[in-house]
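These are my notes from one sitting with a single protein chain. I set down what I looked up, in the order in which I looked it up.

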Amino acid sequence: MRRLVLVSVLCLAVGPAASAQEAGCSLIKTGAFHEDLYLAGDHVDLRGEARGDAFIAGRTVAVDGLVQGDLAVGSGTILLRGVMGDDVRVAGQIVTVDAVIHDMLIVAGEAVRVSAGAQVGGRAWIAGRRVDIAGQVGGELRAAGARIRISGVIQGDVVLA
C-alpha cells in the first residue's frame, strides 16, 4: 500500500512538469504555461507566456512572448523580441536581442546585435566576433569581440576586450 501511495504522489508531482516538455521539428507555443518550459526542435517559436523559467534548444529559436523567470537558449539563430522577467543566457551563431530584459543578459555568438529597441535592466556580458550594441543597458557592460560597436546607452561601467 505504501508503494502505491508513493507512486501516486510521484506521478502527481512529475505530471505537470512533463506537460511542459516538448520536442518536434517545428514548434510554435502559444498560451500560458504555469511551470518551467523545456522545448527542443529544428524551429522553435515561443509566443505564449511562460510563468516559470524557459529552456530552449533548436536550429532557429524565436521568443516573442513573456518569460517571467530565467531564459536559457542554445541555437544557431536566436531572435528575442518578447519580455523577459529575469536573467537571459543565450548562445548561438547569430543572436539578435530586441527584447525587454528585466535583469542580466549573457550572450555568446559569432554575431551579436542588441537592437535600439532593446532594454536590459541589469548588467550585460556579451562575447562575439561582431558585437553591435544599440539598445539600453541598465548596469555594467562587459563585451569581448573582434569588432565592437556601441551606439546605445550604457548606465554602468564599460569593459571591452
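**Entry 1: Leu160 and its patch**

I began near the end of the chain and found Leu160 in strand S18, which covers residues 158-160. I noted before going further that this is a predicted model. I then asked whether Leu160 counts as buried, partly exposed or exposed. Its relative accessibility is 49%, so Leu160 counts as partly exposed; the exposed class requires over 50%. I next looked up the nonpolar surface patch to which Leu160 belongs, and found that Ile150, Val158 and Leu160 make a patch of about 240 Å².

**Entry 2: The chain as a whole**

I recorded the secondary structure as 1 helix and 18 strands. The chain has 161 residues, of which 38% count as buried. I entered about 8,100 Å² for the area that the protein chain exposes, with 56% of it from carbon and sulfur atoms. I also checked how far contacts reach along the sequence. Taking contacts between residues at least 6 apart, I found that 0% join residues at least 24 apart.

**Entry 3: The strands and their pairing**

I traced an open sheet of 8 strands, paired in parallel, in the order S2-S4-S6-S8-S10-S12-S14-S17. I asked which strands stand at the edges. They are S2 (32-33) and S17 (153-154); each has a single partner strand, so one side of each lacks a neighbour in the sheet. At the S2 edge, I found 2 bridges joining S2 to S4 (residues 49-50) in the parallel sense. Within that pairing, I located Phe33 opposite Ala50 of S4.

I then turned to S5, S7 and S9. S5 and S7 run parallel and are joined by 9 bridges, and I noted Ala57 opposite Gly74 in S7. S7 also pairs with S9 in the parallel sense, over 9 bridges. Here I found Leu80 opposite Val97 in S9.

**Entry 4: The nonpolar core**

I looked up the largest nonpolar core and counted 37 residues in it. The residues with the most contacts inside this core are Ile56, Val63, Leu71, Leu80, Leu105 and Ile126. I then listed the strands that each supply at least two residues of the core: S3 (37-46), S5 (54-63), S7 (71-80), S9 (88-97), S11 (105-114), S13 (124-133) and S15 (141-144).

I chose Leu105 for a closer look and asked which residues it touches, leaving aside those up to four places away in sequence. I found Val88, Val97, Val114, Val120, Arg123, Ala124 and Trp125. I add one general remark: in soluble globular proteins, nonpolar side chains tend to be buried together.

**Entry 5: Salt bridges**

I counted 10 salt bridges. One of them joins the side chains of Arg51 and Glu49, at 2.9 Å from N to O. Arg51 is partly exposed, with a relative accessible area of 34%.

I then followed the salt bridge between Arg89 and Asp70, at 3.8 Å from N to O. Arg89 lies in S9 and Asp70 in the loop between S6 (66-67) and S7, so the pair ties together parts that are 19 residues apart in sequence. Arg89 is partly exposed, with a relative accessible area of 37%. I found a further salt bridge from Arg89 to Asp87, at 3.4 Å from N to O. Asp87 has 13% relative accessibility and counts as buried. I closed the entry by recording that salt bridges with shared partners join Asp70, Asp87 and Arg89 into one network.

Methods. Residues are numbered from 1 along each chain as its sequence is written. This is a predicted model: local features need pLDDT of at least 70, side-chain atom pairs count only at pLDDT 80 or more; totals for chains, interfaces and linings use all residues. Side-chain values use heavy atoms; hydrogens and water are left out. A nonpolar core is a set of buried Ala, Val, Leu, Ile, Met, Phe, Trp, Tyr and Cys residues joined through side-chain atoms within 4.5 Å. Buried means under 20% relative accessible area, exposed over 50%, partly exposed in between (1.4 Å probe, protein chains only). Helices (H or I, at least four residues) and strands (E, at least two) are DSSP runs, numbered from the N terminus. Contact means heavy atoms within 4.5 Å. Two strands pair if DSSP finds at least two bridges between them. Accessible areas come from the Shrake-Rupley method with a 1.4 Å probe; for residues, only the protein chains shown count as cover. Patches are made of residues with over 30% relative accessible area and no salt bridge: like charges are joined within 9 Å, nonpolar side chains (Val, Leu, Ile, Met, Phe, Trp, Tyr) within 5 Å. A salt bridge is a side-chain nitrogen of Lys or Arg within 4 Å of a carboxyl oxygen of Asp or Glu.
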